[in-house]
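These are my notes from going through one model, entry by entry. I kept to what I could look up directly.

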Amino acid sequence: MLARSRIAAASVAACTAVGLAVAAPVTAATRAVGPAAQVATIEAAPTADWLHTEGNKIVDEAGNQVWLTGVNWFGFNATERVFHGLWSGNIDTITRQMAERGINIVRVPISTQLLLEWKAGQTVMPNVNLSANPELAGMNNLQIFDYWLELCETYGLKVMIDVHSAEADNSGHVYPVWWKGTITSEKFYQGWEWVTARYRTNDTIVAMDIKNEPHGQPDQSPRAKWDGSADIDNFKHACETAGRRILAINPKVLILCEGIETYPRPGKTWDSPKTNPDLSPNYYNNWWGGNLRGAKEHPIDLGANQDQLVYSPHDYGPLVYEQPWFQGAFDKTSLTNDVWRPNWLYLHEDGTAPLLVGEWGGRLGQDARQDKWLKALRDLIAEHKIHHTFWCLNPNSGDTGGLLLDDWMTWDETKYNQILKPVLWQHNGKFVSLDHQVRLGGANSTTSINLTERYADGSEDDYVAPTAPGRPEASDLTTSAVTLTWAAATDNVGVTSYDVLRATGTGPVTVVATVSGTTRRVDGLSGDTTYTFTVRARDAAGNVSAVSPGRTVTTPPGGGGDGGCTATYTVSNAWQGGFQGQIAIKNTSVAATTSWKVTWTNPAASAISSLWNGTLTVSGGRNTVTNAPYNGQLAAGATTTFGFTGTGAGTAPADLTCAAS
């Protein structure tokens, strides 16, 4: 809309005021009239589209809740220094189709090197197919970017800028940190200041993702860490510094801080080796950019503009990398308990700040486990209304593929309809724009509404949580199971399901089942163990109630091998008077374990001499082995082992039992 000129003269003046070089903005006066001229001018002052946060929600300036649901389109970060695909597809068509299909924000990877080039007035004439894109004739790469921003305004799209790498390099994201060579940390901050100042009045650009996927293992150099220091490799400090310098220029833009790769376990420091002498890990590992455990102890501080902070993890499936949590059986519950909640979902559940999953996606229909992961994360995003930008539009993303096929014109309809469309913001069957004036797809769209229209009738998406269910009643308690029954919750629309939660002592709370009714038989318990059960309700919109009051039970002694796991004893080596063996523990329940215990009586004339990957206690010739701190959590169907040496013949015991909780 011309009434909201994307790069106003005020923007140029602001750039000068902060001492930043500015490339001259592209306007209708300096090139052929662009698409914004096709939209009628609105006489009244338009509503600004800036966003901020309230707890774990993102809202507009009037306090209306919004949902950022978008995609990534890369290329400006690479050596080409322009969107990939313009060698085949048309920039207008691609942009319009994204909007028409309900995408309301586009994450644009870029490099610090390119920002600094633009700051210095250095542009390139990129490799663009002018037969497919005649409107781009004579434009350099900065002018193409500005032209594309006008297209986004025309079609109701918003934009997030992501510094993907230090250098303009197709593989630049592999380098673990935000500085490299002549691009220092200070240059990194200056690049952010320049782009912020240039577009400070342009509310098409509503978010800045400070740095893509900082990562690295603790024994690598350089690597990204997260702590309370001002060290050059502390990404928390870098994100705060960049964020504050950006917000000093434009206090209304959202600041996204990603996670890192690894974080020290309790009692460990960044000086600890990767593993202990017994090969147990000293660090929690996750995807590059996906580990936000450090934000609990060391949260990002943006000072007076804390309400512009959004945390932004990345998450991928087994076709990208065979992470440990994909070994054996896994499902949405195990992924939530073992990976998503401890690494980043807790920030949303605790109301600390909003989450935007900046990258997720991948190939569909090629691997059953990959498809299971995709659908599980899709469902988690829908359940919690988590903001996200899908990776990616580009078909030339080697390990994920794209939403577009190789011709850059045809959409992968299966991936779009099954995975992305269900988590695009929709209201009453229509897509919702983040623009107060423009519908997705343009002013005449019949499949979308703008943000003003969304809230014009006073209707709300269902954000009302159900009431808490009643305290569970326990019956038919055995050594390995209990039946729970509770009073139903109430809801303004209707309760759709209940989560049954279990805690053991001071251990973590885990979801052991999700059911549609008000009763559940919970198995996989251990004998002589105290458990506390609670229940929470969900409605169709994904709102979650407070948990019910707890019901504490103590199982009778015993176990008899019916404790939610199995133990298999094998001898791997034997010699005169001694042997070496191992016991494999398999989780046979439908939920993840938090701990396990194996017991057996030594056969005659035998004893255990030493043991690893577990904690051994011996009483009256009976061995009890409990998990080590790092191998108690087992996804459903997963297996772990502990080993030992002993004296005697190594005969298998007759009373081997396993219990898990």
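Before anything else I fixed a term: two strands pair if DSSP finds at least two bridges between them. I also noted that this is a predicted model.

**Entry 1: a sheet**

With that term in hand I looked up Thr485 and found that its bridge partner in β21 is Thr519. I then looked at the strands around this bridge. Strand β18 covers residues 482–485, and four bridges join β18 to β21. The two strands run antiparallel.

I widened the view to the sheet. I found three strands in an open sheet, in the order β17-β18-β21, with antiparallel pairing. Which strands are at the edges? They are β17 (473–475) and β21 (519–522), and each pairs on one side only. I also noted the twist: neighbouring strands of this sheet are turned by 25° against each other on average, direction ignored.

**Entry 2: Ser497**

I picked Ser497, which is found in strand β19 (residues 495–504). Is Ser497 buried or exposed? Its relative accessible area is 13%, and the cut-off for buried is under 20%, so I entered Ser497 as buried. I listed its contacts, leaving aside neighbours within four places in sequence. Ser497 is in contact with Thr514, Val515 and Ser516, and also with Arg536, Ala537 and Arg538.

**Entry 3: nonpolar cores**

I reminded myself that in soluble globular proteins nonpolar side chains tend to be buried together. Here the largest nonpolar core has 125 residues. Which of them touch the most other members? I wrote down Trp73, Trp148, Trp192, Tyr311, Trp340, Trp344 and Trp360. Helix α4 (residues 141–155) gives the largest share of this core, nine residues. I also found a second, separate core of 18 residues. Among its members are Cys565, Val598, Trp600 and Ala635.

**Entry 4: α8 against α9**

Two packed helices are described by the angle between their axes and the distance between the axes. I looked up both values for helix α8 (residues 332–349) and helix α9 (residues 368–384): they pack at an angle of about 40°, with axes 12 Å apart. Angles under 35 degrees count as roughly parallel and those from 65 to 115 as roughly perpendicular. The angle of about 40° falls in neither range, and α8 and α9 are therefore oblique to each other. Their crossing is right-handed.

I then listed the residues that meet. From α8 I have Lys332, Leu335, Thr336, Trp340, Trp344, Leu345, His348 and Glu349. From α9 I have Trp373, Ala376, Leu377, Asp379, Leu380, Glu383 and His384. Trp340 and Trp344 of this list are also among the residues I noted for the largest core.

**Entry 5: α2 and α3**

How many residues of helix α2 (residues 91–100) are buried? I have seven of its 10, and the helix is mostly covered. The buried residues are Ile91, Asp92, Ile94, Thr95, Gln97, Met98 and Ala99. They pack against β4 (69–72), β5 (105–111) and α4.

Helix α3 (residues 112–119) is also mostly covered, with six of its eight residues buried. I listed these as Thr112, Leu114, Leu115, Leu116, Glu117 and Trp118. They pack against β5, α4, β6 (158–165) and α5 (185–198). After α3 comes Gly121, with a positive phi near 80°.

**Entry 6: backbone in the loops**

I checked the peptide bonds for cis geometry. The bond from Ser221 to Pro222 is cis, with omega near -5°. Pro222 lies in the loop between β7 (205–209) and α6 (235–249). The bond from Trp391 to Cys392 is cis too, with omega near 0°. I placed Cys392 in the loop between β13 (387–390) and α10 (413–420).

Next I looked for positive phi outside glycine. Glu213 has a phi of about 45° and lies in the loop between β7 and α6. At 7% relative accessibility, Glu213 counts as buried. Lys385 has a positive phi of about 50° and lies in the loop between α9 and β13. At 31% relative accessibility, Lys385 counts as partly exposed.

How values were computed. Residues numbered from 1 in each chain as written. Predicted model: local features only at pLDDT ≥ 70, side-chain atom pairs only at ≥ 80, totals over all residues. Heavy atoms only, no water. Axes fitted to C-alpha atoms, helices over the stretch in contact; angles between N-to-C directions. Core = buried A, V, L, I, M, F, W, Y, C linked by side-chain atoms within 4.5 Å. Buried < 20%, exposed > 50% of the residue type's maximum accessible area, 1.4 Å probe, protein only. Parallel < 35°, antiparallel > 145°, perpendicular 65-115°, else oblique. Left-handed = near helix turned anticlockwise from the far one by under 90°. Contact = heavy atoms within 4.5 Å.
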